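Let's walk through this one together, step by step. Keep the picture open while you read.

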Amino acid sequence: MWSWVALTAIGPDYFDVDSLLTEEERAVRQMVHDFVAAEVMPTVGEDWLKGRFPIELVRKMGGLGLFGPTLPEEYGGAGISQVAYGMIMQELERGDSGLRSFASVQSGLAMHAIYRYGTEEQRRTYLPRMAKGELIGCFGLTEPDAGSDPGTMRTRCRRVGDHWVLNGEKRWITSSPIADVMVIWALDEEEKVRGFIAPKGTKGLSAPAIETKISMRYSATGDIVLEDVELPEELRLPEAKSLAAPLTCLTQARFGIAFGAVGAAMDCFNEALDYAQNRIAFHKPIAQTQLMQQALVDMLSLTTRSQLMALRLGQLKQEDRFNYTQVSLAKRDNVRAALQTARMARELLGGNGITTEYRAMRHMANLESVDTYEGTYEIHTLIVGRDITGLNALG
Amino acid sequence: MQVVVLVKQVADTAARIKLADGKQDIDRQSASLIVNPYDEMAIEEALRIKEKHGATVWAVTLGEAKAEEALRTALAMGVDEAARVSAPASDALTVARALAQAVREISADIVIAGRSAADDEQGQVGTLVATLLDWPHVTEVTKLEISGSEGVAEREVEGGVEILDFSLPVVVTTQEGLNTPRYASLPGIMKAKRKEIRQIALGEDVVGQPVLAVRSLELPPPRGQGRILTDLDPAQAAKEIVRILHEEAKLI
Ligand SMILES: Cc1cc2nc3c(=O)[nH]c(=O)nc-3n(C[C@H](O)[C@H](O)[C@H](O)COP(=O)(O)OP(=O)(O)OC[C@H]3O[C@@H](n4cnc5c(N)ncnc54)[C@H](O)[C@@H]3O)c2cc1C
């Protein structure tokens, strides 16, 4: 039977997943939930329409410890569990995918790249300040002509004496227009992928914004243009030696997306259920029609399955026995489930559903991006397909 | 300086609640529980005192083991120490006796409590604790300044502000407008997890006998169907609404 617990503001939680979380994980989730409810929800619709990223929230989020939270304390982290990290992503994306994207890029991509592939000095210089939100990071891998297949990138790096010269163009880079620290991937003369930290203001480096998005409008997205950008050897990430380096970072961020998508789906379900119970048509609540009940149950079903998959993935990652192909399956499925949920919620809301006064269509439009970035639905299908068949259909 | 914040764990006012069997309490097992919002303001105020003047801030609650979650929240916000009082207390007076005893054991200089709890809304405990301790007491404070062993508190009164001077020790209760409570931080949550909570067990010899008993609780009746007036022009409709409010609902 439908229990009321499953309906609390922070749910839905039809299978009492809550009781599988530790007290710390619940506390983290509650804190981020409260933060988003108070600081994001009142203005997100309006800002989204304006195409405005809430830059004023960055330091606040840093102050709460939301960036790089799984890193050791000496680098500004809090050493929280993987599931607790997932709960941060879930609750941020309950607010908006753009906000979660910002956090994913800051923590999972930019900070992770420096932590994993950087020198001790680079870690100490950048990570604590990025954790506080004093420095904004971005991660430049995709290019105008290299998306699903980043190995074909054209951005080049060339060693000249004790420094490197970079040339090329990146496209679709989350936070690039507002970034202080750009992690950039480029091919060297031996066709090996190398990573660099490019500080904002470096000569020849620019990051124009992409202004025409009708998705992810609560996020700054841009290009990165590199024209004879000179970087000293000290700004190269020495432990990054091949394409495996950026791909490992992506696994990190995709892990967070598997949780984030659940948050967006939950918000759509909650909005739809509430609306259906209160919207009267033909003299009864639309929730009393069989078709709308089916839509609501389908939404709940998709959301609950995603929630369970994300949690299990988090547990496996915590025990360090997860595989990147599991992350692919969870990213693929949970984002698609959230997208379907958002579409159904949008439909259930009728005309109201197309405005930013309600949340479903904003989520829906955002999730179109989430379905594409960090590996498209198709690419993850082929990654898992290759894993289970042993046959590569990708290349 | 020791600042004690009295914290109560209450059901989330945004969530639905169920009554426990016997209808003398809500079902706390299934309820989603939070720190009473007025107590969050009390925590925030205590932390500000600490940041300004240096102090050890205590969060004290009376309740079952589950209530320690509220203490962990307080610790995660930045409180230094936490204590849970267990005692056979059921009404405001017995609860206040137990809490007053805890305040004595901690040798508090300042006690801050919420003006009322979001669940029973009785608003008695802070005042009773002050009375039992025989300390100065300011209710529903909207501004608080401490300097040395003196303090000034402001409270809103009809059409103005009342400013009260007092010397420590003191008990104050919080009112909306005092401050905006901070969020717990992740490092705070991690630290809170490891912190040991002091246990204060008190018996009937301290808390005495309750003087009030809950007979039974009822959930508010479900909202009835709305009524829609049709085929009236605005002037007629207004008249009809006034008539209904006056004669049928007897509200005006
Ligand atoms: C809002 C937003 C933010 C982003 N942020 C970042 C960022 O911060 N950093 C970054 O580096 N990148 C970022 N990206 C880029 C994103 O990762 C790419 O868009 C994504 O990898 C897809 O690449 P593409 O757009 O070039 O599509 P393409 O690779 O051109 O793919 C087009 C279509 O073809 C399909 N396809 C391609 N190859 C195959 C195949 N072998 N078999 C079957 N189907 C195939 C794809 O699935 C897709 O449907 C962002 C994108 C968006 C939209």
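The residues in the shell around the ligand split into 10 nonpolar, nine polar and two charged. In that sorting, Ala, Val, Leu, Ile, Met, Phe, Trp, Tyr, Cys and Pro count as nonpolar, Asp, Glu, Lys and Arg as charged, and the others, Gly among them, as polar. The shell has 21 residues, and the closest are Leu141(A), Thr142(A), Gly147(A), Ser148(A) and Thr376(A). A residue is near the molecule here if its C-beta atom, placed from the backbone, lies within 6 Å of it. Two or more shell residues come from each of β1 (137–140), β3, α10 (360–372) and α11 (377–389) of chain A. Those labels stand for DSSP runs, numbered from the N terminus: helices are H or I with at least four residues, and strands are E with at least two.

Before going on, a word on what you're looking at: this is a predicted model, where local features need pLDDT of at least 70 and side-chain atom pairs count only at pLDDT 80 or more, while totals for chains, interfaces and linings use all residues. Residues are numbered from 1 along each chain as its sequence is written, and chains are lettered from A and ligands numbered from 1 in the order in which they are written.

Let's pick up α11(A) from that shell. This helix has 13 residues and reaches 18 Å from its first C-alpha to its last, close to the 18 Å expected at 1.5 Å a residue. (The expected span is 1.5 Å times one less than the number of residues.) Right behind α11(A) comes Gly390(A), with a positive phi near 75°.

Now find β3(A), residues 163–174, and look at its partners. Which way does β2(A), residues 156–160, run beside it? The two strands are antiparallel, joined by five bridges. Strands are said to pair if DSSP finds at least two bridges between them. One of the linked residues is Val160(A), whose bridge partner in β3(A) is His163(A). Together β2(A) and β3(A) make a hairpin with two residues between them, and Gly161(A) in the turn has a positive phi of about 65°. β3(A) also pairs with β7(A), residues 221–232, again in the antiparallel sense, over nine bridges. There, Gly168(A) has Leu226(A) of β7(A) as its bridge partner. As a rule, side chains in a regular strand alternate between the two faces of the sheet.

Gly168(A) turns up again when you visit Arg154(A), which sits in the loop between β1 and β2 of chain A. Leaving out residues up to four places away in sequence, Arg154(A) touches Glu143(A), Asp145(A), Ala146(A) and Gly168(A). Contact means that two C-beta atoms, placed from the backbone, lie within 7 Å. Is Arg154(A) buried or exposed? Neither quite: Arg154(A) is partly exposed, because 13 other C-beta atoms lie within 10 Å. The cut-offs are 20 or more other C-beta atoms within 10 Å for buried, 12 or fewer for exposed, and partly exposed in between, with C-beta atoms placed from the backbone. Phe282(A), in the loop between β9 (280–281) and β10 (284–285) of chain A, counts as exposed because it has 8 C-beta neighbours inside 10 Å. Its phi is near 50°, a positive value in a residue other than glycine.

Time to cross over to the other chain. The contact takes 19 residues from chain B and 20 residues from chain A. On the side of chain B that touches chain A, α2 (68–77) and α5 (186–194) each supply at least two residues. α5(B) gives the most, with five residues. By class, that side of chain B has nine nonpolar, four polar and six charged residues.

Why is α2(B) described as largely enclosed by the rest of the structure? Because eight of its 10 residues are buried. Among them are Leu71(B), Arg72(B) and Met77(B). Just after α2(B), Gly78(B) takes a positive phi of about 130°.

Two more backbone details in chain B are worth finding. Glu140(B), in strand β7 (137–147) of chain B, has a positive phi near 50° though it isn't a glycine. With 22 C-beta neighbours inside 10 Å, Glu140(B) counts as buried. Then there's the cis peptide bond joining Leu168(B) and Pro169(B), with omega about 0°. Pro169(B) lies in the loop between β9 (160–167) and β10 (170–174) of chain B.
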